[in-house]
Amino acid sequence: MDGFLLKFASSTFTSSRWRDKYAALDGATLRCFEPTFDSTGAPTKNCQAALEISGATIADFDAGDAEPRPAAALKRRGVFAVRRAGERDVLFQAESAALRGLWVEALRRASRGEPAPAGAKTLDEDADYAILGLAPAGGRVPAAAREAFTDPQIARAYKASVAAAALRNDRAERDRCTRALQNVVAARRARTEAARCGSCVLRGYARRDPEDGFGIAIEVEEPTGELVLLEAPTTVTDVVVHDYSPGIQRWLRDAPIKFMAGDVLVGIGDDDVRGWPMERVLARLCERRVAAGPGGRAPAVAFLVERRPLLDAYCADLEARQSDDVEDRMDRDLDALDAPPPPPPPPR
């Protein structure tokens, strides 16, 4: 987690006031820098303060879970504190309620020694398997276990869960079972699709326009959390292939080397933005982080997007796959799950 925070400075020799800082959380250490950056977006000065977060208490005053509220924060919103036994509270203020929540969550995770969540979400959650009776409530379902379930197992579990809900006349529970089944089926299909696809990362550059920003429209795709381009931007130039996986050489020969609608934003500058919430992306691209250079000209910022083409080995059926309607495929998958198992072979 990184971004801009106001940090309260209290000193016997200087006036107490809030100072603008660029903060970066690295493991269990929160480092604070002066908010000045070079053309790549990296801080131009060395770290000024480093706070060890491990074992600290993160007090979120706006959430009402920390009292008393310090005098310096009485008339401010978005203030939180890093509290360590026997030490003075270190106060910070975020620019918005959304960013405050992200910082508090990240710092509390670091305080507990938990790793930051990596990448985007999965379509199927542990709770989906618990709802279908395939896992205990609150339990974790490893990836290997998800793959080990067979279609007939999932179908039988779904039917049993729906039947139990019907006996209790619990329509809400039946709906939950149906949603859980849809999530599991969609995730299984997505993993099958992913196994047939490679990856190509494109890199391009864009400059901030005073009126239109960078001209790149993205949205967060639910439920994966991926940052997807809504349209092909005309502001991105000098696009090249940054990286690609083996097995897509045939696709690369005719691939359009430009940003397109549906591409997934995976990098800004040197930052891997997979799994970032929109608030953090906007903070990364704000004017203070991407400041105008000499003469007022905005620097070019590198953007990286990922596209997932079919592997060459599967290109033969590309046309048939593209004409196959997604909803029809979903219906067929559900029908397959509901199909009774084949009869056993006759005895010899």
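**Helix H1 and the seven-stranded sheet**

Helix H1 lies across strands S1 (2-9), S2, S3, S5 and S6 (79-83), and runs at about 160° to S5. The model described here is predicted. Helix H1 itself spans residues 97-111.

The strands crossed by H1 can be placed in the wider sheet. Seven strands form an open sheet in the order S4-S3-S2-S1-S7-S6-S5, with antiparallel pairing. Its edges are strand S4 (49-52) and strand S5, each of which pairs on one side only. On average, neighbouring strands of this sheet are turned by 35° against each other, direction ignored. Within the sheet, strand S2 (residues 17-26) and strand S3 (residues 29-33) run antiparallel and are joined by five bridges. Across this pair, Ala-24 stands opposite Arg-31 in S3.

Edge strand S5 covers residues 57-60 and contains Ile-58. The relative accessible area of Ile-58 is 6%; the residue counts as buried because this value falls under the 20% cut-off. Apart from neighbours within four places in sequence, Ile-58 is in contact with Ile-53, Phe-80, Ala-81, Val-82, Val-104, Leu-107 and Arg-108. Among these partners, Phe-80, Ala-81 and Val-82 fall in the residue range of strand S6, whereas Val-104, Leu-107 and Arg-108 fall in that of helix H1. A further spatial relation links Ile-58 to Asp-89: the two residues are 31 positions apart along the chain, and their C-alpha atoms are separated by 9.7 Å.

Ser-111 also belongs to helix H1. Its relative accessibility is 13%, and Ser-111 is therefore classed as buried, the limit being under 20%. With neighbours within four places in sequence left aside, the contacts of Ser-111 are Ile-53, Ser-54, Gly-55 and Ala-56. Ile-53 is thus listed as a contact of Ser-111 and also as a contact of Ile-58.

For the protein as a whole, nine helices and 14 strands are assigned. Of its 348 residues, 38% count as buried. Among contacts with a separation of 6 or more, 60% are made by residues 24 or more positions apart. The accessible surface of the protein comes to about 20000 Å², and carbon and sulfur atoms contribute 52% of that area.

Conventions: Residues are numbered from 1 along each chain as its sequence is written. This is a predicted model: local features need pLDDT of at least 70, side-chain atom pairs count only at pLDDT 80 or more; totals for chains, interfaces and linings use all residues. Side-chain values use heavy atoms; hydrogens and water are left out. Helices (H or I, at least four residues) and strands (E, at least two) are DSSP runs, numbered from the N terminus. Buried means under 20% relative accessible area, exposed over 50%, partly exposed in between (1.4 Å probe, protein chains only). Contact means heavy atoms within 4.5 Å. Two strands pair if DSSP finds at least two bridges between them. Axes are lines fitted to C-alpha atoms, for helices over the stretch in contact, and angles run from 0 to 180 degrees between N-to-C directions. Accessible areas come from the Shrake-Rupley method with a 1.4 Å probe; for residues, only the protein chains shown count as cover.
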